[in-house]
Structure formats: structure tokens, C-alpha cells
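Reader: Please take a close look at one part of this model and set out what packs around it. A short word on one further site may come before it.

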Amino acid sequence: YVDLLQRLHNDKIAGKLENYIYYAESVHIFYYLCSLYYDIEFNDLKNKMINYRTDMFKDIIKTAWDGWDYTDELHGNPLFEVAIIDNIVYDDYVYYPEFDTENLLFHYKIISDFLSPIKSIYDEYDFQFEKWRIYPFPKMTDNFNKNSISVDSALINPYSNNKEEALEYLDVIAKDPFKATNEIIFTQKDKEFYKEFIDINLPVFNDAYDIIENGYIGVGYIPLYEDDFIIDYQQGRITLEEAVERKQRNVEIALNE
């Protein structure tokens, strides 16, 4: 996958892509997902057994953070193209020609966002699901055959003065989650359930269904403050090995808090 991004970037610089465009995920999402898959496949967070001192994790760091400035919001990692309009970086590419299937090679998007029909926008771009296919995030090794999927959770504060009202609210969501969101939520195994929202015979729907069905709700360690080494590494204040040691130590401390 990274080799593909490198080839596309080289072709773009050389003027070989002409009118073709593509959008990978942001480098921050790439690093987060790679870290998540790494934790799921190689670390045992539940039993606090972790090891980031590997060539694979070093490659993740180098791929994501080498050769550019983390603090530069408009000029990030050149391999991970994002939509920039009037010097504003858009995480949601609704305002860019992402729906132009004649020129768009591929783009990254959350499945539920992509499949949820926003009629005015889809009409504007003559959007047709028939022209699309969905592929899961690339795996790190051939041995890992699951797709990491995310879920939203709702909890009731045990100290709340409105627990009964909160429980009633959650009861409504549980009975009919589509009353609480405009997105297609994959909560039902029976494909017939989704006929009301989308043509279930479309390849793009079955792509998404298969990804979710083969999903793994794993616990990866979310890389927030424990990745404070990134800027130090990018600016040459620490080596790659020292960056890995910082990552290792920070996660160990966090898991033992």
C-alpha cells in the first residue's frame, strides 16, 4: 500500500497523472490504524505484554513521520494526499470532487459516512453507488485476516440525577438506532434489514457488509499523549531507537496507571 502511494506521488510530481486524483487517509489516521493493528496482532495489552522494539514498528514510524514537519498543518507527509482548498485542509472531502468516478483513483472514507445518503450532495455530483467498490484497510501481515472496526458506546453516569431519563433514551436508541443518526449502522446480521436504506444487491453494499461481518473490535492503545516523541524525532532531537524506547516506556506507564 505504501509502495502504491509512493508510485502515485512520483507520477504526480512527474506530471503523469494528468487529471487523475486520489486521497489517502491523513498520515495521522494511517499511523493510528497501523499502531492499532500492531497492538491487536503483536501486543497483549490486557496482560500488559508489549514490544515496540521491532523492525516493523520502526518502519511504521519512519513511513509516517520521516521527511516532513509535524507542526506544518498545510504541508504534511507528501505520500498522504488530503484535500486542500484555499489553504484550508478538509478532513471531510464533501467539498472536493471526490465523487468524480471518471478521474478519482481512490479515496479513504469511513464506511458509514460513505453509504449514508446525503441526497443534496449526491445529486450535485450525480453520485451512483453502482460505480464504487469498498476495500478494507491493508493488513500488516498475511496472518491477520480480520478488519479492525469501531463502535460507538453510550454509558450512564452512575452519579447522575437523571438515570431513568438516560436509560429511557438509550432504550429508544437500542430499539431503533436509525432514529438517532442519519448513518447506516451495521447492527443486524440479516441483510434484508438494510433494504430500506440501500440496494442490498449492489457490490458496494456487500463489500461493506463483508468487512463488518469479518470485523474485530479489538483494544488497541490509542496513540495520543504517549506519542509525544514524534516532534522530537522529526526535529532530530532523538534517534529512531530512542523514539521507540519512548513509545515503549510511555505505553508501559499508561498501562500500569
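Author: Contact here means heavy atoms within 4.5 Å. The model is predicted, so local features need pLDDT of at least 70 and side-chain atom pairs pLDDT 80 or more, while totals for chains, interfaces and linings use all residues. Residues are numbered from 1 along each chain as its sequence is written, and side-chain values use heavy atoms, without hydrogens and water.

The further site is tyrosine 194, in the loop between α6 (163-175) and α7 (203-213). Beyond its neighbours within four places in sequence, tyrosine 194 is in contact with Ile184, Ile185, Phe186, Thr187, Gln188, Ile200, Phe205 and Tyr209.

The main part is helix α3, residues 55-65; helices are DSSP runs (H or I, at least four residues), numbered from the N terminus. Phe57, Lys58, Ile60, Ile61, Ala64 and Trp65 of α3 are buried, that is, under 20% relative accessible area with a 1.4 Å probe, protein chains only. Down the axis of α3 these buried residues fall within an arc of 155°, so they line one face of the helix; the arc is taken from the directions from the helix axis to the C-beta atoms. They pack against α2 (27-42), α8 (229-234) and α9 (240-255).

The axes of α2 and α3, lines fitted to C-alpha atoms over the stretch in contact, come within 10 Å and cross at roughly 170°. That makes the two helices roughly antiparallel, a term for angles over 145 degrees between N-to-C directions, on a scale from 0 to 180. Among the residues that meet are Phe30, Tyr31 and Tyr38 in α2, and Met56, Ile60 and Trp65 in α3. Just after α3, glycine 67 takes a positive phi of about 85°.

Conventions
Buried means under 20% relative accessible area, exposed over 50%, partly exposed in between (1.4 Å probe, protein chains only). Angles under 35 degrees count as roughly parallel, over 145 as roughly antiparallel, 65 to 115 as roughly perpendicular and the rest as oblique.
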